[in-house]
Amino acid sequence: MADYKALYQEVILDHNKKPRNYGTLAHPSHHAEGHNPLCGDHLSVALQLQGETIDQIAFHGESCAICKASASMMTAAVKGKTREQAQALTREFLAMATGKLDLSQPNQIGRLAVFAGVRDLPTRVKCAILPWHTLQAAFNSQGTASTEA
């Protein structure tokens, strides 16, 4: 268990210090703003689809380390995937983060499993899932997402 927690902390710190796909896109085909009013996390997710494939994706904003790391890993995980694949991964991540996914069963979580322990930290679950809700909002042309919806 200690090794798992150490890996979790290492990954969070790495993605917080050097977030992947951090920035903006000039002309995104999809975009949404996400906000967690409880802790103040606020981020924007933008993507450019080429057909049904995520060709480019970026995020930016002000957020805690868990939210930023989750957004960084999310963008890396969905880039190059189809919209359908990204939405399926989003459903799995949200289920995992809320304790509803059995990781012993086949899934697409991969390295994102480092966030599995967040389910035991109720105040941090919303930090980890905000980027994923924001991605869903972008796909659905909703414009905004909130952890309190």
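Q: What do "buried", "partly exposed" and "exposed" stand for here?
A: Buried is under 20% relative accessible area, exposed is over 50%, and partly exposed is in between, using a 1.4 Å probe and protein chains only. You're looking at a predicted model, where local features need pLDDT of at least 70, side-chain atom pairs count only at pLDDT 80 or more, and totals for chains, interfaces and linings use all residues. Residues are numbered from 1 along each chain as its sequence is written, and side-chain values use heavy atoms, with hydrogens and water left out.

Q: Why is Gln 50 called exposed?
A: Gln 50 comes out at 55% relative accessibility. The cut-off for exposed is over 50%, so the label fits. You'll find Gln 50 in strand β2, residues 41–50. Its C-alpha is 9.2 Å from that of Thr 82, and the two residues sit 32 residues apart along the chain.

Q: How many helices and strands are there, and what makes a stretch count as one?
A: There are four helices and four strands. A helix is a DSSP run of H or I of at least four residues, a strand is a run of E of at least two, and numbering goes from the N terminus. Walking along the sequence, you get α-β-β-β-α-α-α-β.

Q: What makes the protein agree with the compact globule rule?
A: The radius of gyration is taken over C-alpha atoms, and the rule is 2.2 Å times the number of residues to the power 0.38. For 149 residues, that gives a value near 15 Å; the protein has 14 Å, which agrees. The C-alpha atoms fill a box of roughly 45 × 35 × 30 Å along the principal axes.

Q: What share of the residues counts as buried?
A: Of the 149 residues, 43% make that grade. As for surface, the protein exposes about 7,700 Å², with 50% of that supplied by carbon and sulfur atoms. Those areas come from the Shrake-Rupley method.

Q: How do you know that residues 24 or more positions apart matter to the contact count?
A: A contact means heavy atoms within 4.5 Å. Among contacts with a separation of 6 or more, 59% are between residues 24 or more positions apart. For one residue's view, skip anything up to four places away in sequence: Tyr 22 then touches Phe 59, His 60 and Gly 61.

Q: Why is Tyr 22 called partly exposed?
A: Tyr 22 has 40% relative accessibility, and partly exposed covers what lies between the buried and exposed cut-offs, so that's its class. Tyr 22 lies in the loop between α1 and β1. The C-alpha atoms of Tyr 22 and His 133 are separated by 17 Å, with their positions 111 residues apart along the chain.

Q: What makes Lys 18 and Asp 14 a salt bridge?
A: A salt bridge needs a side-chain nitrogen of Lys or Arg within 4 Å of a carboxyl oxygen of Asp or Glu. The closest N and O atoms of Lys 18 and Asp 14 are 3.2 Å apart, so the pair qualifies. Arg 20 also pairs with Asp 14, at 2.6 Å from N to O. That links Asp 14, Lys 18 and Arg 20 in a network. Lys 18 is exposed at 53%, while Asp 14 is partly exposed at 24% and Arg 20 is partly exposed at 31%.

Q: How many salt bridges does the structure hold?
A: Three. One of them joins Glu 148 and Lys 126, with N to O at 2.7 Å. Glu 148 lies in the segment after β4 (144–146) and Lys 126 in helix α4 (residues 122–139), so the pair ties together parts that are 22 residues apart in sequence. Glu 148 is partly exposed at 40%, and Lys 126 is partly exposed at 25%.

Q: What makes the phi of Asn 21 worth a look?
A: Most residues other than glycine have a negative phi. Asn 21 isn't a glycine, yet has a positive phi of about 60°. Asn 21 is in the loop between α1 (2–17) and β1 (30–36). Ser 141 has a positive phi too, about 55°, and isn't a glycine either. Ser 141 lies in the loop between α4 and β4 and is exposed at 63%.

Note on methods:
Accessible areas come from the Shrake-Rupley method with a 1.4 Å probe; for residues, only the protein chains shown count as cover.
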